[in-house]
Amino acid sequence: MEEIVKYIVDKLVENKEAVVVSSEEKGDEITITVFVASEDMGKVIGKNGKVAQSIRAIIKTASNGTSKRYFVKFDKKAE
C-alpha cells in the first residue's frame with residue numbers, strides 16, 4: 001500500500017525528493033504516514049481535504065479482502 005500512496009503523492013507534488021512514506025503496524029491496523037514539503041502540503045490535502053479523502057478511499061478500496069485496516073496521515077517534513 002505504501003507504494004500506491006507514494007506513486008499518487010509523487011504525481012501531485014513539486015518537490016518529489018521531499019516525499020517520504022512510512023508505515024507502522026499495530027495489530028490489524030496499519031497507519032501510513034506521508035511526509036511532504038511545506039509548500040506541497042496544500043496540493044496533497046486539496047481544497048476542503050478532497051484530495052486526501054480520495055487517497056484514503058483508494059487505499060480503503062485496495063485493501064478490501066485483507067484482514068488489515070489502513071489509515072493514511074499527512075504531515076509536513078521536518079526541515
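**A tour from helix H1 to the strands**

Begin by selecting Lys6, which is partly exposed with a relative accessible area of 31% (buried means under 20%, exposed over 50% and partly exposed in between, with a 1.4 Å probe and protein chains only). The model is predicted, and local features need pLDDT of at least 70, side-chain atom pairs count only at pLDDT 80 or more, and totals for chains, interfaces and linings use all residues. Residues are numbered from 1 along each chain as its sequence is written, and side-chain values use heavy atoms, with hydrogens and water left out.

Add Asp10 to the selection, and its side chain is found to meet that of Lys6 in a salt bridge at 3.5 Å, N to O (a side-chain nitrogen of Lys or Arg within 4 Å of a carboxyl oxygen of Asp or Glu). Because Asp10 and Lys6 are 4 residues apart in helix H1, about one helical turn separates them; helices (H or I, at least four residues) and strands (E, at least two) are DSSP runs numbered from the N terminus.

Next, select the largest nonpolar core, a set of 16 residues in which Val5, Val9, Val34, Val36 and Phe74 touch the most other members; such a core consists of buried Ala, Val, Leu, Ile, Met, Phe, Trp, Tyr and Cys residues joined through side-chain atoms within 4.5 Å. Two or more residues come from each of helix H1 (2-12), strand E2 (29-36), helix H2 (41-45), helix H3 (50-62) and strand E3 (69-76), and E2 gives the most, with 4 residues.

Within E2, centre on Val34 and, leaving aside neighbours within four places in sequence, look for its contacts (heavy atoms within 4.5 Å), which include Val5, Val9, Val72 and Phe74. Thr33, also found in strand E2, is buried with a relative accessible area of 15%, and, with the neighbours within four places again left aside, is in contact with Val20, Val21, Ser22 and Lys73.

Now show strand E1 (residues 20-26), which pairs with E2 in the antiparallel sense over 7 bridges (pairing requires that DSSP find at least two bridges between the strands). Val21 stands opposite Val34 in E2, and in the hairpin of E1 and E2, with 2 residues between the strands, Gly27 takes a positive phi near 65°.

Finish with Lys68 and Glu25, whose closest N and O atoms are 2.6 Å apart in a salt bridge. This pair links distant parts of the chain, with Lys68 in the loop between H3 and E3 and Glu25 in strand E1, 43 residues apart.
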